[in-house]
Amino acid sequence: MIGELMDPRKTFGKAVTEIAKENKDVVVFSADSGKSSGFGDFIDQFPERYFECGIMEQGAVGMAAGMATAGKIPVFCAIAPFVTCRPYEMVRNDMGYMKQNVKLVGRNCGITYSDLGVTHQSLDDFGLMRLIPGMTILAPQDPVEIEEACKAMIEYEGPVYMRIGNPKIPVLFERKPFVIGKGDIIQDGEDVTIITTGSCTKDVIEANEILKEAGIKAKIIGLPTVLPLDEDLIRDAAAETKKVVTVEEHYINGGMGSMVTELLSDMDGVTVKRLGIPNIYATTSSNYQELLAYYDLDAKGIAKSVKAYLGK
Amino acid sequence: MNKEMLQKTANQIRKDIVTAVYSAKSGHPGGSLSAADVMTYLYFEEMNVDPKNPDKADRDRFVLSKGHNAPALYSCLAEKGYFPVEDLKTLRHTGSYLQGHPDMKHIPGVDMTSGSLGQGISAAVGMALSAKLFNEDYRVFTLLGDGEIQEGQVWEAAMFAGAKKLDNLIVIVDNNGLQIDGKIDDVCSPYPIIDKFAAFNFKVIAVEDGNDFDQLDKAFNEARLTDGQPVAIVMKTVKGKGVSFMEDQAGWHGKAPNDDEYKQAMEELEKAGEA
Ligand SMILES: Cc1ncc(C[n+]2csc(CCOP(=O)(O)OP(=O)(O)O)c2C)c(N)n1
Ligand SMILES: [Mg+2]
């Protein structure tokens with residue numbers, strides 16, 4: 001099931017460049033972050049539609065919003081904390097409140113910048129963005145889904161935040177059109193529902209092999225859209241399995257797990273176990289895989305936590 | 001320290017920087033090397049600091065606003081005696097206190113946490129303001145990248161420091177001409193840097209070659225004598241200085257050398273140290 005490894009940033013940059021060939025309204029903003037966001041080809045092919053601002057993320061969001069008022073579709077990508085935490089009020093007012101058609105993309109999300117330290121990790125971006133009314137949050141799970149998510153994000157009219165990682169990720173799924181707000185049942189099962197998003201999905205799929213050996217039949221739901229949540233899908237699954245686990249590379253407080261917990265809070269007999277990073281300043285590591293293991297977010301750790309939750 | 005000793009120390013710090021980044025397999029050699037001389041000058045000549053007593057109240061402060069130059073800061077601190085030089089090889093390793101960006105809570109001698117560009121200078125202004133308020137005579141030095149000064153926060157801090165006449169604040173701009181996406185004037189020109197700081201009521205000292213200790217010496221002596229306004233030292237440097245294939249190359253902003261490159265870099269620095 002797990003296929004070719006691809007660089008998420010290059011995949012993203014290429015996808016936007018392809019779309020820009022057809023859609024002349026697409027423009028790109030950079031804050032000294034263009035080439036590292038995969039926009040090398042875009043810069044060569046559409047220099048007049050590429051705006052290098054320098055290191056000024058707050059200004060870039062404002063300028064992108066201004067350009068959106070005139071009908072353009074600005075895509076602004078940089079390191080995740082610098083497009084979310086840093087310019088938060090500009091995102092809230094100029095993109096959210098003003099409903100401007102800006103596509104904000106946070107790369108090297110979660111703990112993928114494992115060794116750069118706390119300032120460069122992004123474990124609160126779902127939490128920040130979900131508080132902005134009218135915001136859409138995408139977290140595609142594999143390279144093909146990143147490509148399709150780019151198409152959907154640019155077709156959709158309104159503010160979007162998309163989150164992508166840094167290390168290469170494998171192809172997991174067949175190509176299909178990306179429908180914003182829709183999740184998928186990756187595998188059916190009745191013992192527990194595991195809800196995953198973004199890069200965690202690969203590890204959940206691997207964890208499932210360990211769970212199968214232990215005789216646990218998990219229903220696995222993939223959420224390439226975190227906001228709006230696919231409420232019907234999640235509520236139906238919870239009604240069936242009663243036990244729900246959420247998995248995300250984000251603080252366990254305030255992110256997708258919190259959203260799911262809030263959604264299910266009125267359902268009798270349903271409990272939710274949230275997996276993610278505890279609400280602390282994360283430790284750092286030279287190696288992303290090591291750090292995932294440290295936080296029990298690799299396949300082994302996820303399987304261990306699910307088993308413990310089910311008392312097995 | 002005399003000039004020769006400063007040069008020798010700076011050369012050792014360059015070796016430490018390259019070695020730390022090599023053992024981390026990631027990190028930022030370019031800006032660390034352009035700033036190696038001025039940081040050596042600060043720690044070994046200019047600042048009143050004591051590695052045995054890193055928190056002493058009347059010490060001069062240093063804020064590395066361009067936090068990605070952590071390898072340079074850690075190397076200076078280690079050579080000065082704040083912690084073992086050996087530890088530099090643990091940079092960015094699991095469990096090491098030497099994270100990718102400076103962390104004041106875990107690293108002796110680090111006066112301010114940094115990593116998000118533009119933020120350090122505001123903290124430095126706060127420190128300088130505190131000294132004024134409590135009639136303390138320590139000074140505050142902060143080092144910024146020439147790309148970093150594109151951040152609006154830098155100019156908020158500068159406006160405040162100028163308006164409040166914080167003459168105990170010395171802002172140093174490492175004008176190596178490069179940032180990640182290329183030349184600073186192609187990306188989004190911050191020039192004229194000198195006139196900008198002057199317009200914000202700074203005394204501006206331009207240094208033609210910020211990798212030359214005589215010129216640094218002259219600039220910091222002038223800064224010491226400045227009264228009634230903050231100082232900006234705007235110094236031209238060479239990014240990657242001291243390692244031939246890294247010099248003036250944007251590609252070496254944030255990349256570790258491989259085995260062969262490491263060997264060559266160390267040979268070049270070894271040679272320079274003997275000269
Ligand atoms: C707020 C923020 N935005 C972006 C970055 C990513 N970043 C790290 S270094 C750098 C370029 C810095 O260039 P410059 O200030 O000229 O530093 P130097 O050449 O001295 O290394 C960028 C954009 C960051 N650390 N913080
Ligand atoms: Mg520079």
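Begin by selecting L144(B) in this predicted model, and look across to β3(B), where the bridge partner of L144(B) is V173(B); strands here are DSSP runs of E with at least two residues, numbered from the N terminus, while helices are runs of H or I with at least four residues. Residues are numbered from 1 along each chain as its sequence is written, and chains are lettered from A and ligands numbered from 1 in the order in which they are written. Because the model is predicted, local features need pLDDT of at least 70 and side-chain atom pairs count only at pLDDT 80 or more, whereas totals for chains, interfaces and linings use all residues; side-chain values use heavy atoms, with hydrogens and water left out.

Next, select T142(B), which stands opposite V171(B) in β3(B), and then show the two strands together, since six bridges join β2(B) to β3(B) (residues 169-175) and the strands run parallel. On β1(B) (residues 61-64), which pairs with β2(B) in the parallel sense over four bridges, pick R61(B), the residue opposite V140(B). Two strands are said to pair if DSSP finds at least two bridges between them.

Now colour β2(B) alone. In a regular strand the side chains alternate between the two faces of the sheet. Here V140(B), T142(B) and L144(B) lie on one side, F141(B), L143(B) and G145(B) on the other, and all of them are buried, where buried means under 20% relative accessible area, exposed over 50%, and partly exposed in between (1.4 Å probe, protein chains only).

Widen the view to the open sheet of five strands in chain B, whose order is β1-β2-β3-β7-β6 and whose pairing is parallel. At its edges stand β1 and β6 (203-207), each with a single partner strand, so one side of each is left without a neighbour in the sheet.

Then select the magnesium ion (ligand 2), whose protein donors are D146(B) (OD), N176(B) (OD1) and L178(B) (O), lying 2.1 to 2.2 Å from it. Donors are N, O and S atoms within 2.8 Å of the metal (3.2 Å for Na, K and Ca), and water is not among the atoms, so sites may look incomplete. D146(B) lies in the loop between β2 (140-145) and α6 (152-163) of chain B, while L178(B) lies in strand β4 (residues 178-179) of chain B, so the pair ties together parts that are 32 residues apart in sequence. As a last selection, show the side chains of D146(B) and L178(B), both of which are buried.
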